[in-house]
Each structure stands twice: as C-alpha cells, then as structure tokens.
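Please look through the model below slowly, with the sequence beside it, before reading on. The paragraphs that follow lead from one residue to the sheet, then to some turns and aromatic rings.

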Amino acid sequence: VFSAEVLVPQNASWKYTKGSAPIAAQSKNATFNDSGWPASPAPFHYGEAGITGGTVLADMRNNYTTIYLRKDFSVADLTAIDRLAIRARVDDAFIAWINGTEVARFNVTESEPAYNGLAEASIEPTWVTNSLPAPSQYLANGVNILAVQVLNQARTSSDLVFDLQLESSSDRVP
C-alpha cells in the first residue's frame, strides 16, 4: 500500500531573517531560538515577473545575498516514512537541513556558505526535486525543523525566488 503526505506545503508560512548580518551556524539546528524572526508566507521573491503573493524582498538587491528560513513540521510515526522529497522552486540556490542534518543542496559549492555567500551560477526560476537520504537518521517523532539558506548569485542580482514542498511517502504493507 502506497501512502504519501505533504509535511510542508508550498506557500507555507516560514520564520525568516535576511542575511545582512552573520547568522550563527546553529540556526539550522532544531534547538535554535528563532522567536525573534518574523513569520511570512512563501514564495520569497523579488524582481521576477509572474510571481505573485508570498513575501516580496524589495530591499534585497544591492543589500544582501542570502535569506534564512525555518519551518517546523510534525511526524506522527517515523516508522511509517520510507522516503522524503523536497520539491523546490528556486532562483538561484539553496541548502536545506532537517534537525541540523544537511539533506539537500542545489547550485551551491560543497562548502558551507557564509551569511553573504553566493550561488554558483545565475539561473532562471526552476523546479528541482531532491530525494532525501535515510529519513530515519535525522527525523524524530513529534516536531521537526526544516531550515533553509537561500542564496542569490550576486548582490546586484535582479531577482530571487524560493518556495518548497516537503513530502513523505511509504509503500509498506500494513
């Protein structure tokens, strides 16, 4: 029997902060205190025609190259999840962590970028699907934290777009 569940939907509300000042490396960890961060809906964007709704980052160009996002989600039964997938709409790059473990990256070098890091290349908005490895290694029953660093290609870039959906699936026979 195949089952699937959306754990974080597109256009979800996220806690976020702009990368205009150094962010502690701990911001990706589940125990990080993000209570001072505002919550706002995805997609996060500016300068891209046809993108509506969400959160417009009107001050990003010439000021900062990254944003940090955090979203909690619940897992009722970890043993019922065989696979996870992130489906992201991105222009230009991102890295994602669940409970502090890196699970996906797109268009970013192998190192961990700084608060003012850059994407490897400039791209147009594209949908990217990442199958996430071994969910039992980083998921927990109850509340989990999905943290994302979104990167632009240059401080002078004319646009940025980011939204994602996190899905779980299982094909175990009950």
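Contact here means that heavy atoms lie within 4.5 Å. With that meaning, and leaving aside its neighbours within four places in sequence, His 45 is in contact with Ile 51, Thr 52, Gly 53, Thr 55, Val 56, Leu 57, Leu 160 and Val 161. This is a predicted model, in which local features need pLDDT of at least 70 and side-chain atom pairs count only at pLDDT 80 or more, while totals for chains, interfaces and linings use all residues. Residues are numbered from 1 along each chain as its sequence is written, and side-chain values use heavy atoms, with hydrogens and water left out.

His 45 has its place in strand 4, which covers residues 44-46; strands (E, at least two residues) and helices (H or I, at least four) are DSSP runs, numbered from the N terminus. Is His 45 buried or exposed? With a relative accessible area of 5%, His 45 is buried, where buried means under 20% relative accessible area, exposed means over 50%, and partly exposed lies in between (1.4 Å probe, protein chains only).

We can now turn to the sheet. Strands of a sheet pair through backbone hydrogen bonds, either parallel or antiparallel, and two strands are taken to pair if DSSP finds at least two bridges between them. In this model, six strands form an open sheet in the order 3-2-6-11-8-9, with antiparallel pairing. Strand 3 (39-41) and strand 9 (101-106) stand at the edges with a single partner strand each, so one side of each has no neighbour in the sheet. From one strand to the next, the twist averages 30°, an angle that relies on axes fitted as lines to C-alpha atoms (for helices over the stretch in contact) and that runs from 0 to 180 degrees between N-to-C directions.

Beginning at the edge formed by strand 3, one finds that strand 2 (residues 13-18) pairs with strand 3 in the antiparallel sense over three bridges, and that Ser 13 stands opposite Pro 41 in strand 3. Further along the order, strand 6 and strand 11 run antiparallel and are joined by ten bridges, with Gln 149 in strand 11 as the bridge partner of Tyr 68. Why can strand 11 be called largely enclosed by the rest of the structure? Eight of the ten residues of strand 11 (residues 142-151) are buried, and therefore the strand is described in this way.

Strand 11 also pairs with strand 8 in the antiparallel sense, over six bridges, and here the bridge partner of Trp 97 is Ala 147 in strand 11. Trp 97 also stands opposite Glu 102 in strand 9, and strand 8 (residues 93-98) and strand 9, which run antiparallel, are joined by five bridges. These two strands, 8 and 9, form a hairpin with two residues between them, and Asn 99 in the turn has a positive phi of about 50°.

Some details of the backbone in the loops also deserve attention. Asn 11, in the loop between strand 1 (3-8) and strand 2, has a positive phi of about 65° although it is not a glycine, and at 46% relative accessibility Asn 11 counts as partly exposed. Asn 62, in the loop between strand 5 (55-56) and strand 6 (66-75), is not a glycine either, yet has a positive phi of about 70°; at 45% relative accessibility, Asn 62 is likewise partly exposed. Pro 43, in the loop between strand 3 and strand 4, is joined to Ala 42 by a cis peptide bond, with omega about 0°.

Finally, the aromatic side chains can be considered. A pair of aromatic rings is described by the distance of the centres and the angle of the planes. Rings of Phe, Tyr and Trp (its six-membered ring) pair if their centres lie within 6.5 Å, and planes under 30 degrees apart count as stacked, over 60 as edge-to-face and the rest as tilted. The structure holds three aromatic pairs. In one of them, the rings of Tyr 16 and Phe 44 have centres 5.2 Å apart and planes at 55°, so the pair is tilted. This pair links distant parts of the chain, since Tyr 16 is in strand 2 and Phe 44 in strand 4, 28 residues apart. Tyr 16 is buried at a relative accessible area of 13%, and Phe 44 is buried at 0% relative accessibility.
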